[in-house]
Amino acid sequence: MHLQRTSTRSSAPSTSFDDKAGRLRVPKVSSAWTTLRGDYRRHGGTLLGGAFLSLCLYRYGRWGQGLRLPFARFFVSRTYGIANLFLANLTKIWIPPETTLGQDFHIVNNEGSLSIHPHSVIGDRCGVMHNVTIGSNMREGAPVIGDDVFVGVNSTVLGAIRVGDRVRIAANTAVTSDVPADSIVVGSPARIYPRLGPMR
C-alpha cells in the first residue's frame, strides 16, 4: 500500500512511505493553485460549494502549519480557527489541518456530515460520501487508508486500522478491522469479500 503526505506548498516536498518496499520516497507535489483548481473541478466547479470551501480551509490550515515564522503560524492558526468555527458548523464537514489527505481527495456529496480524525492518513484519489466518520474507536490511533478507496454513505471507519488500496466500503458499513487491498466491505459488523473482477 502506498501512502503519502501532501501539501499545498510546492517549495517543500513531503515524504511518503511505501509499505511493501519499506523505504521513504519523495513524491511529486502539486503547487497550491494546481491543487485548488483540481479541488474546484472535482467539486462541481462552484466557488460556494460546501465541499470545495471546506477543502480550501483545510489546505489553508495545513499550509499554515508549515510556516517557519512563529508569528505567521500563530496568525494562520487563529484565522483558521475563526473561519472553521463558522464554516464547519455550516457545512458539517470537519477536516482538521493535522489530517493527511492524498492527492485528488473527493467529497462526493455535501448533503450531510463528514468527520475525519486529525491523525488519519488518507491516500490518493479517495472518495467519501456524506454522513461518514473516519476516526478513533475509544482508543488511541486512527485509520490509515490506501489509494483509490471509496467510502459509502452512512459508513464509519474506526480505530488504528489499515485499509488497503482499491477497497470499496459499501453504504451503512462499520469498519473496525484491517481490510486487505482489492476488497469490498459490506455490513455492520463488516464482512470482507475479495473483488471478482477489475475495479476502478
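This is a short dialogue on reading a predicted model.

Me: Where do I start? How many helices and strands does the chain have?

Reply: Start with the secondary structure. This chain has 3 helices and 18 strands.

Me: How much of the chain is buried?

Reply: Buried means under 20% relative accessible area. Of the 200 residues here, 44% count as buried. The accessible surface of the chain is about 10,700 Å². Carbon and sulfur atoms make up 59% of that surface.

Me: What share of the contacts joins residues 24 or more positions apart?

Reply: Take the contacts in the chain with a separation of 6 or more. Residues 24 or more positions apart account for 23% of them.

Me: Now a helix. What span should H2 have?

Reply: Use the rise of 1.5 Å a residue. Helix H2 runs over residues 50-65, which is 16 residues, so it should span 22 Å. Its end C-alpha atoms are 23 Å apart, which agrees.

Me: Which residues of H2 are buried?

Reply: Go along the helix and check each one. Among the buried residues are Phe52, Leu55, Leu57 and Tyr58. Arg59 and Arg62 are buried too. The list also includes Gly50, Gly61 and Gly64.

Me: What covers the buried residues of H2?

Reply: Look for the elements in contact with them. The cover includes two helices, H1 (32-42) and H3 (70-91). It also includes the strands E4 (93-94), E5 (100-101) and E6 (106-107).

Me: Next, a strand. Where do the side chains of E17 point?

Reply: Follow the side chains one by one. Along E17 (residues 183-186) they alternate. Ser183 and Val185 point to one face and are buried. Ile184 and Val186 point to the other face and are not buried.

Me: In which sense does E17 pair with E15 and with E18, parallel or antiparallel?

Reply: Take each partner in turn. E15 (residues 168-169) pairs with E17 in the parallel sense, over 2 bridges. E18 (residues 191-194) pairs with E17 in the antiparallel sense, over 4 bridges. Val185 shows both pairings: Ile169 stands opposite Val185, and Ile192 in E18 is its bridge partner.

Me: How many residues lie between E17 and E18?

Reply: Look at the turn. The two strands form a hairpin with 4 residues between them. Gly187 in that turn has a positive phi of about 95°.

Me: Last, the surface. Which residues form a nonpolar patch?

Reply: Look for nonpolar side chains on the outside. Tyr40, Leu47 and Leu48 form such a patch, with about 340 Å² of accessible area together. Tyr40 is found in helix H1.

Me: Is Tyr40 buried, exposed or partly exposed?

Reply: Tyr40 has a relative accessible area of 30%, so it is partly exposed.

Notes:
Residues are numbered from 1 along each chain as its sequence is written. This is a predicted model: local features need pLDDT of at least 70, side-chain atom pairs count only at pLDDT 80 or more; totals for chains, interfaces and linings use all residues. Side-chain values use heavy atoms; hydrogens and water are left out. The expected span of a helix is 1.5 Å times one less than its number of residues. Buried means under 20% relative accessible area, exposed over 50%, partly exposed in between (1.4 Å probe, protein chains only). Contact means heavy atoms within 4.5 Å. Accessible areas come from the Shrake-Rupley method with a 1.4 Å probe; for residues, only the protein chains shown count as cover. Two strands pair if DSSP finds at least two bridges between them. Patches are made of residues with over 30% relative accessible area and no salt bridge: like charges are joined within 9 Å, nonpolar side chains (Val, Leu, Ile, Met, Phe, Trp, Tyr) within 5 Å. A salt bridge is a side-chain nitrogen of Lys or Arg within 4 Å of a carboxyl oxygen of Asp or Glu.
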